[in-house]
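Start with the aromatic rings. Then turn to the helices that carry them.

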Amino acid sequence: MEEPPLTSFSLTHVSYDASDPIAYLCAWLALAPQILCVVYATLIWSSREMEIFLMFSGQMGCEGLNFLLKRLIKGERPPRIKTKGYGMPSSHAQFVSFFCVYLTLFLLFRHSPHPSDTHTPTTLNERILLAIWSILFASIVCASRVYLHYHTVNQVLVGCAVGSVAALAWFGVTTIARRHGWIHWALGSRELTMLRVRDLVVEEDLAESGWERWRNVSERRNLDMLVSSTAKMKRR
């Protein structure tokens, strides 16, 4: 009896020219969506921030849209790449386009952290620079898909357009939800309360907020130690 043929796990399988250092770098860039998903999961678990959860929800919705579009359009990949699946639109281009556009909209139009006595939050110019870096990163990932011959230029451009429109639409939906108080209502639910979901990143610098709490705890501990030491000296 013949053994069944093996297949490749295409989620992480990347074909490239081993003699080409640029192709090698592009092969690593092909892992950008997986890496960003790990970043999403880490931030959601560690910060419990509602805004990050909303962004990730939109990102997964964009992936679902790509799944449907590929099966509706059924556009073939460039002939050099022998892999299963359709190529129109590029899922990588759509993924990173949604990510950078939504992040840019958040940094420029929603994130407004307040300064504290010990810390000045990121300025508008710094947030613009961060947005530019995210767009540059997305552009490099998109170019790598064409360089590796996984997609045509049109497939990448359509992916960028769909991802950008999806990000604009989802940002609009979340903005409406915030203005009508639906986000605040959801945060008051028993389920999200049990999960300790919060909504600070819109108005606070999370790193500073956490450091402020740590400083207060540290000062209380130092005071307790001082009081304890003073009491011991008096008893002597």
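What follows goes from ring pairs to charges over rings, then to a helix crossing and a buried asparagine.

This is a predicted model. Its aromatic pairs number 5. Take Tyr40 and Phe56 to begin with. Their rings sit 5.0 Å apart, centre to centre, with 50° between the planes. That makes the pair tilted, because edge-to-face needs an angle over 60 degrees and stacked needs one under 30. Tyr40 belongs to helix α2, which covers residues 32–47. Phe56 belongs to helix α3, residues 50–73. The two residues are 16 apart in sequence, so the pair ties together separate parts of the chain.

How buried or exposed are the two partners? Tyr40 has a relative accessibility of 4% and therefore counts as buried. Phe56 stands at 23%, so Phe56 counts as partly exposed. The cut-off for buried is under 20%. Tyr40 and Phe56 also share one aromatic cluster with Phe99.

Now move to Tyr102 and Phe171. This aromatic pair is edge-to-face. The centres lie 5.5 Å apart and the planes meet at 75°. Tyr102 is in helix α4, residues 91–110, and Phe171 is in helix α6, residues 153–179. With the two positions 69 residues apart, the pair links distant parts of the chain. Tyr102 is buried, at a relative accessible area of 1%. Phe171 is buried as well, at 10%.

Phe171 has another neighbour to look at. Arg110 lies over the face of Phe171, 4.1 Å from the ring centre. Trp45 has an arginine over its ring face too: Arg48, at 4.2 Å from the ring centre.

Next, look at the helices behind the Tyr102 and Phe171 pair. Two packed helices are described by the angle between their axes and the distance between the axes. For α4 and α6, the axes come within 7 Å. They cross at roughly 40°. The crossing is right-handed. Which kinds of residues make up the contact of α4 with α6? The contact holds 15 nonpolar residues, 7 polar residues and 2 charged residues.

Finish in helix α3, where Asn66 is found. Asn66 is buried, with a relative accessible area of 4%. What does Asn66 touch, leaving out residues up to four places away in sequence? The answer is Pro89, Ser90, Ser91 and Gln94. Helix α3 thus brings together two points of this tour: the buried Asn66 and the ring of Phe56.

Definitions and conventions:
Residues are numbered from 1 along each chain as its sequence is written. This is a predicted model: local features need pLDDT of at least 70, side-chain atom pairs count only at pLDDT 80 or more; totals for chains, interfaces and linings use all residues. Side-chain values use heavy atoms; hydrogens and water are left out. Rings of Phe, Tyr and Trp (its six-membered ring) pair if their centres lie within 6.5 Å; planes under 30 degrees apart count as stacked, over 60 as edge-to-face and the rest as tilted. Helices (H or I, at least four residues) and strands (E, at least two) are DSSP runs, numbered from the N terminus. Buried means under 20% relative accessible area, exposed over 50%, partly exposed in between (1.4 Å probe, protein chains only). A charge sits over a ring if NZ of Lys or CZ of Arg is within 6 Å of the ring centre and within 35 degrees of the ring normal. Axes are lines fitted to C-alpha atoms, for helices over the stretch in contact, and angles run from 0 to 180 degrees between N-to-C directions. A crossing is left-handed if the near helix is turned anticlockwise from the far one by less than a right angle, and right-handed if clockwise. Ala, Val, Leu, Ile, Met, Phe, Trp, Tyr, Cys and Pro count as nonpolar, Asp, Glu, Lys and Arg as charged, and the others, Gly among them, as polar. Contact means heavy atoms within 4.5 Å.
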